[in-house]
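Colleague: I am at the bench with this model open and would love a guided tour of one part of it. Please pick a long helix, show me what packs against it, and then place it in the rest of the chain.

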Amino acid sequence: MPENSKINSGVWCILICAWVTMAASQIIIFGYGMMMPGIMAEFGVDPATMGKIGGTGAWIGVITLFPASIIFSKLNPKISVPLVILGTAAGQFISGRAAGISMLYIGAILVAIFSQLIATLLVGAKVRGVPPDSMTQVNGLENFMGPIGQIIATLAMTQLLTLVNGWRGVYTLMSIIMLIALVIYFIVWGNGKRINYGQAGSAPEAAEVPAGSTLSAVKEAMSNKVVWLTGLAWPGTIIIWTAMFYFYPTYATTILGLDLKTAGAILAMIPVFSAVASLTSPMLAKKIGYDKPLICIWGIILPVFYYMMTVVHSVPLLCLFSALAGYGCNCFVPLLFTNVYKVGLSRQAVTIATGTIFVFIIMGTAIAGTAVGALTGIFGIKGALNIACLAPLWFGVLTLFLPELGYKKMAALKAAAEKAAAGL
């Protein structure tokens, strides 16, 4: 890679600080089901109510993410990124100090509003500081951090609950970790010479939207079919994915008769193999030269893996199907997020497009909390999870209409453009 294509050390540090915050958020979000028995016992509520708390926060996030993305994207990252980290930490701290259900709602809402903004705001750093041929790998590393938090949330949650004296301590600890990341962020920004994006960015300068042309960038992003197809498809996988993290621990302990530690170990296979998928799927896509086979196929396969987790009673087999579901539910993630960098959008439009996709992702989380939570009261937890298992079929159908943007296709398009420019 040429010297001017290297990722600046300061950019790496900013990305890592933000990724640590994202991982800490994931510990709370995906440890929610593991903490749920303790919260229900303390406040005397049922699983449907717990689903409403998480779902309500997510629905508020759906409403606020797009306008917030536009507002925060216009701010200097030195201001915007610390603000969203601070807002996320505040939400976690409030939940940890909750004196009643209302404070749990407030904490969940704050976390939903701010935590999803982090990834959106990082787009600005990546399009300026990450070269095109490294973007998929960087997105893979970013998507690797989420599963790390999820692994801790499931595999180590019982130990963590003991270590910090219950679910309140977990919320408080995560808020402290975020504040530490915030301090490191300020230290790095204080050394301004290290934050030099140079010419490594992914988005061409010619495609840049002039300052203040936010409306033009919004129209540009909203007119791209890749953005809409990706956003509309994604809830199909998020609904069952979130539902598993919310309700599977209760299902495993009350219906399968497993202890919480075993339930967590089974569920942990999802993020463990999601992490593997984040690192390997970009390499697989580059090797075969095509992205769509690694995207569409999971809409058909994932329902089978998730369904088997609700009918099998053998712990080794439950771990196997959880692992397969984990790999499949994250295999396509780095590829889909990288697509928005490949379709000729300007820098600001890429940020808005990413924020738009996250709106739909949060919508999937909201549906999992509220709709699937409500279904538990009608069909029981097992029946609700079985219905949610069908959701990835929606993802599979819509992603069939995405254009192929893999390595071989992009190379062919580049060669054709060069040939046309040469007048051949």
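Modeller: What follows is a close look at one helix and its partners, with a few places beyond it.

A word on the ground rules: this is a predicted model, where local features need pLDDT of at least 70, side-chain atom pairs count only at pLDDT 80 or more, and totals for chains, interfaces and linings use all residues. Residues are numbered from 1 along each chain as its sequence is written, and side-chain values use heavy atoms, with hydrogens and water left out.

Let us set the scene. The chain has 18 helices and zero strands; helices here are DSSP runs of H or I with at least four residues, strands are runs of E with at least two, and both are numbered from the N terminus. Of its 424 residues, 58% are buried. Buried means under 20% relative accessible area, exposed means over 50%, and partly exposed is in between, using a 1.4 Å probe and protein chains only. Contacts (heavy atoms within 4.5 Å) often reach far along the sequence: taking those between residues at least 6 apart, 84% join residues at least 24 apart.

Our part is helix 16, residues 347–388. Start with Phe360, which is buried at 11% relative accessible area. The whole structure holds 12 aromatic pairs, where the rings of Phe, Tyr and Trp (its six-membered ring) have centres within 6.5 Å, and planes under 30 degrees apart are stacked, over 60 edge-to-face and the rest tilted. In one of these pairs, Phe360 meets Trp228 edge-to-face, at 6.0 Å centre to centre with 75° between the planes. Trp228 sits in helix 9 (residues 225–233), so the pair links parts of the chain 132 residues apart. Unlike buried Phe360, Trp228 is partly exposed at 33%. Elsewhere, Phe358 belongs to one aromatic cluster with Trp234, Phe332, Phe337 and Phe395.

Further along is Thr376, also in helix 16 and buried at 13% relative accessibility. Setting aside neighbours within four places in sequence, Thr376 is in contact with Ala48, Phe247, Ile381 and Ala384. Its C-alpha lies 7.8 Å from that of Pro47, although the two residues are 329 apart in sequence.

Ile387 is in helix 16 as well, but it is partly exposed, at 39%. Beyond residues up to four places away, Ile387 touches Leu375 and Phe379. Its C-alpha is 8.9 Å from that of Ile240, a residue 147 places away in sequence.

Now for the packing partners. Helix 10 (residues 235–254) meets helix 16 at about 50°, with axes 7 Å apart. Axes are lines fitted to C-alpha atoms, for helices over the stretch in contact, and angles run from 0 to 180 degrees between N-to-C directions. The two are therefore oblique to each other: under 35 degrees counts as roughly parallel, over 145 as roughly antiparallel, 65 to 115 as roughly perpendicular, and the rest as oblique. The crossing of helix 10 over helix 16 is right-handed; that is, the near helix is turned clockwise from the far one by less than a right angle, while anticlockwise would be left-handed.

Helix 13 (residues 298–311) packs on helix 16 at about 165°, with axes 9 Å apart. Helix 13 and helix 16 are therefore roughly antiparallel, and this crossing is left-handed. Here Tyr307, Thr310 and Val311 of helix 13 meet Lys382, Leu385 and Asn386 of helix 16.

Two of these neighbours also meet each other: helix 9 packs against helix 10 at about 25°, with axes 5 Å apart. That makes helix 9 and helix 10 roughly parallel. At their junction, Gly231, Leu232 and Ala233 of helix 9 meet Pro235, Gly236 and Thr237 of helix 10.

Finally, the wider interior. The largest nonpolar core has 134 residues, and those with the most contacts inside it are Met35, Met157, Trp234, Tyr248 and Tyr306. Such a core is a set of buried Ala, Val, Leu, Ile, Met, Phe, Trp, Tyr and Cys residues joined through side-chain atoms within 4.5 Å. Its largest share, 20 residues, comes from helix 1 (residues 9–43).
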